[in-house]
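Open the model in your viewer and keep the selection tool at hand. We will go stop by stop, and at each one you will be told what to select.

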Amino acid sequence: MPMIDADGCLLNVSVEGRDGGPTLMLSNSLGCTLQMWEPQMKALTQVFRVIRYDRRGHGKSSVPPGPYTMERFGRDVLAILDDLNIEKVHWCGLSMGGMVGQWLGANAPERMGKLILANTSCYYPDPTNWHNRIKAVKEGGIAAVADAVIAGWLTQDFREREPEITAKMKAMLLASPVEGYLACCEALSTLDQRALLPKIKSPTLVIAGRHDVATPISAAELIRSSIPGASMTIIDAAHISNVEQPHAFTDAVVGFLTQR
Ligand SMILES: O=C(O)CCC(=O)CC(=O)O
């Protein structure tokens, strides 16, 4: 896996899949690494060249001091594409990954093919939850919020049915570098990309989770109605819908990206 330098921050990047196929870039959510896409990789690599990366502050990427911004995350992606000599990619980002996709769609339209914005938001009407989360993590580490976060990521039904997958997701969250996690929470606490959305020209699919309380259907609907021509599909899942409903999620991605 190459480490790519984005303005002094080393980003852990993985490139797999069909050589010469269209390129799809996957972007993770808060507290997850590129491993979160494992349920999709077998199917996606048959059709696409797939780029995954750990956002700064996550996984094997460096953890520069925060706070971070969506613009910084977007410029990190452009640094990866420049380094790999890739002109244009399709984008699939979940939650924070979808927020970075919104920034790229509006600010670097020539680098974006189709956009998939899953379980995401363009702003938080009330940042209190983020301020509370920052305080709790500063005082008690990620362990202090882990159970509540996991309850938002996966429905109770899924957690009871799939304890091993749930434990893996929790371990991924707990392994997040605290400084990187906090710097991302700061970026979320000030997020407001509402004005960017009407500028997006890429064909866009919004994916929402029927049981997602972190980024609810109303947040997805605001994104869908603000991006000209965007469509929306709802999956029977909580926030991390690609893990909870891997087949439905993969089918939605492949169907949208391969339709003419
Ligand atoms: O998942 C994200 O990228 C944003 C945070 C969120 O909405 C879910 C959570 O960590 O509670």
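**Stop 1: the sheet, from one edge**

Select β2 and β4. These strands run antiparallel, and 5 bridges join them. Pick out Val-13 as well. Its bridge partner in β4 is Tyr-53. Keep in mind that you are looking at a predicted model.

Now add β1, and keep β2, residues 9-17, on screen. Which way do these two strands pair, and over how many bridges? The sense is antiparallel, over 4 bridges. Select Ala-6, and you will find it opposite Cys-9 in β2. Between the two strands of this hairpin there are 2 residues. Click Asp-7 in the hairpin: its phi is positive, near 55°.

**Stop 2: the whole sheet**

Select every strand of the sheet. There are 8, and the sheet they form is open. Walk across in this order: β1-β2-β4-β3-β5-β6-β7-β8. The pairing is mixed. Which strands stand at the edges? They are β1, residues 3-6, and β8, residues 231-235. Each has a single partner strand, so one side of each is left without a neighbour in the sheet. Turn the view to follow the twist, which averages 25° from one strand to the next.

Select β5, residues 89-94, and β6, residues 112-118. This pair runs parallel, joined by 5 bridges. Click Cys-92, then find its bridge partner Ile-116 in β6.

Next, show helix α11, residues 246-258. This helix packs on the sheet. The strands that α11 touches are β3, β5, β6, β7 and β8. Compare directions: α11 makes about 155° with β6.

While you look at a strand, try showing its side chains. In a regular strand they alternate between the two faces of the sheet.

**Stop 3: two loops with a twist**

Select Gly-66 and Pro-67. The peptide bond from Gly-66 to Pro-67 is cis, with omega near -5°. Pro-67 sits in the loop between β4 and α2.

Move to Ser-95, in the loop between β5 and α3. What is there to see in its phi? Phi of Ser-95 is near 55°, a positive value in a residue other than glycine.

**Stop 4: two helix pairs**

Two packed helices are described by the angle between their axes and the distance between the axes.

Select α2, residues 70-83, and α3, residues 96-107. Their axes lie 9 Å apart, and the packing angle is about 80°. That makes α2 roughly perpendicular to α3. Show the side chains where they meet. From α2, the contact includes Phe-73, Val-77 and Leu-78. From α3, Met-99, Trp-103 and Leu-104 are among the residues that take part. By class, this contact has 9 nonpolar, 1 polar and 2 charged residues.

Now select α4 and α5. Their axes come within 7 Å and cross at roughly 135°. Is α4 parallel or oblique to α5? That angle makes α4 oblique to α5. On the α4 side, the contact is made by Arg-133, Ala-136, Val-137 and Gly-140. On the α5 side, Ala-143, Ala-144, Val-145 and Val-149 do the job. Together these residues divide into 6 nonpolar, 1 polar and 1 charged.

**Stop 5: the pockets**

Switch on the surface. Rolling a probe the size of a water molecule over the atoms shows where empty space is left.

Begin with the largest pocket, which holds about 580 Å³ of space. It is lined by 29 residues. Select the ones closest to its centre: Tyr-124, Trp-130, Arg-133, Ala-214 and Thr-215. Colour α4, α5, α8 and α9, the elements that give two or more residues to this lining. Which of them gives the most? α5 does, with 5 residues. By class, the lining has 18 nonpolar, 9 polar and 2 charged residues.

Finish at the second largest pocket, with about 200 Å³ of space. Its lining includes Gln-35, Met-36, Ile-165, Lys-168 and Val-243. Helices α1, residues 38-47, and α7, residues 163-174, each give two or more residues. α7 gives the most, with 4. Here the lining divides into 7 nonpolar, 1 polar and 2 charged residues.

Key:
Residues are numbered from 1 along each chain as its sequence is written. This is a predicted model: local features need pLDDT of at least 70, side-chain atom pairs count only at pLDDT 80 or more; totals for chains, interfaces and linings use all residues. Side-chain values use heavy atoms; hydrogens and water are left out. Two strands pair if DSSP finds at least two bridges between them. Axes are lines fitted to C-alpha atoms, for helices over the stretch in contact, and angles run from 0 to 180 degrees between N-to-C directions. Contact means heavy atoms within 4.5 Å. On a 1 Å grid over the protein atoms alone, a cavity is a set of points where a 1.4 Å probe fits but cannot get out, and a pocket is an open set with protein on both sides within 12 Å along at least five of seven lines; lining residues have an atom within 4 Å of a point. Grid points are joined across faces, edges and corners, and a volume is the space filled by probe spheres set on the points. Ala, Val, Leu, Ile, Met, Phe, Trp, Tyr, Cys and Pro count as nonpolar, Asp, Glu, Lys and Arg as charged, and the others, Gly among them, as polar. Angles under 35 degrees count as roughly parallel, over 145 as roughly antiparallel, 65 to 115 as roughly perpendicular and the rest as oblique.
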